[in-house]
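Visitor: Please show me the model, and then let me ask why each label in its description has been earned.

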Amino acid sequence: MKAHLLYVEDDETLSFVTKDNLELEGYKVTHCTNGKEALETIKRQDFDLCILDVMLPGIDGFEIAKAIRRSNQTIPILFLTAKSLKEDRIHGLKIGGDDYITKPFSIEELQLKIEIFLR
């Protein structure tokens, strides 16, 4: 296993394809479908990198990132979202995100960015 990733995405089809591709690359991927589940999972497990959708039911990805940053300043956080406004990207980076990738995205680009942040 290369690294343990937290992947928070509520789109069932997209998350299946993305998780499958990341696992084929050797990553251990823990997938959560909403913010509440993600926050509970973060308390129980350690991760090497977090991939967060922003628009989630209940607690959004920005709030998850803030919670992660309160307890861990070093873990890389990548936002992977359809929210593409400049204001959203800036907000995501200001609250502690390390990168902001908009959908639709290339799985190869995501994999490369994960590798870069895990170096």
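**Labels and their cut-offs**

Guide: To begin with a charged pair, Lys-113 and Asp-99 meet through their side chains in a salt bridge, with 2.8 Å from N to O. The pair links distant parts of the chain, since Lys-113 is in helix H5 (residues 107-118) and Asp-99 is in strand E5, 14 residues apart. This is a predicted model, in which local features need pLDDT of at least 70 and side-chain atom pairs count only at pLDDT 80 or more, while totals for chains, interfaces and linings use all residues. Residues are numbered from 1 along each chain as its sequence is written, and side-chain values use heavy atoms, with hydrogens and water left out.

Visitor: Why is the contact between Lys-113 and Asp-99 called a salt bridge?

Guide: The term requires a side-chain nitrogen of Lys or Arg within 4 Å of a carboxyl oxygen of Asp or Glu. The N to O value for Lys-113 and Asp-99 is 2.8 Å, and therefore the pair qualifies. A search of the whole structure finds nine salt bridges, and Glu-9, Asp-53 and Lys-103 are linked in a network of them.

Visitor: Why is Asp-99 called buried or exposed?

Guide: Buried means under 20% relative accessible area, exposed means over 50%, and partly exposed is in between, with a 1.4 Å probe and protein chains only. Asp-99 has a relative accessible area of 15%, so Asp-99 is buried.

Visitor: What makes Arg-69 and Asp-98 a salt bridge, and which parts does the pair tie together?

Guide: The closest N and O atoms of Arg-69 and Asp-98 are 3.0 Å apart, so the salt-bridge criterion is met. Arg-69 lies in helix H3 and Asp-98 in the loop between H4 and E5, so the pair ties together parts that are 29 residues apart in sequence. Arg-69, at 8% relative accessibility, counts as buried, whereas Asp-98, with a relative accessible area of 34%, is partly exposed.

Visitor: How do you know that Asp-88 and Lys-83 belong to the salt bridges?

Guide: Their side chains meet at 3.8 Å, N to O, and so satisfy the definition. Asp-88 counts as buried at 14% relative accessibility, while Lys-83 counts as partly exposed at 25%.

Visitor: How many aromatic pairs does a search of the whole structure find?

Guide: The search finds two. In one of them, Phe-62 and Phe-79 are 5.3 Å apart centre to centre, with 75 degrees between the planes, and the pair is edge-to-face. Phe-62 lies in helix H3 and Phe-79 in strand E4, so the pair ties together parts that are 17 residues apart in sequence. Phe-79 and Tyr-100 form a tilted pair, at 5.8 Å centre to centre and 45 degrees between the planes.

Visitor: Why is the pair of Phe-79 and Tyr-100 called tilted?

Guide: Rings of Phe, Tyr and Trp (its six-membered ring) pair if their centres lie within 6.5 Å; planes under 30 degrees apart count as stacked, over 60 as edge-to-face and the rest as tilted. Phe-79 and Tyr-100 give 45 degrees, and therefore the pair is tilted. Phe-62, Phe-79 and Tyr-100 form one aromatic cluster. Phe-62 counts as buried at 7% relative accessibility, and Phe-79 is buried with a relative accessible area of 0%.

Visitor: What makes E3 and E4 a strand pair?

Guide: Two strands pair if DSSP finds at least two bridges between them, and the strands themselves (E, at least two residues), like the helices (H or I, at least four), are DSSP runs numbered from the N terminus. Three bridges join E3 to strand E4 (residues 77-81), which run parallel, so the pairing criterion is met. In E4, Phe-79 is the bridge partner of Leu-52. Four bridges join E4 to strand E5 (residues 99-102), also in parallel, and in E5 the bridge partner of Leu-78 is Asp-99.

Visitor: Which elements make a right-handed β-α-β unit with E4 and E5?

Guide: Helix H4 (residues 86-94) makes such a unit with E4 and E5. A crossover is right-handed if, with the strands pointing away from the viewer, the path from the first strand over the helix to the second runs clockwise. E3, helix H3 (residues 61-71) and E4 also make a right-handed unit.
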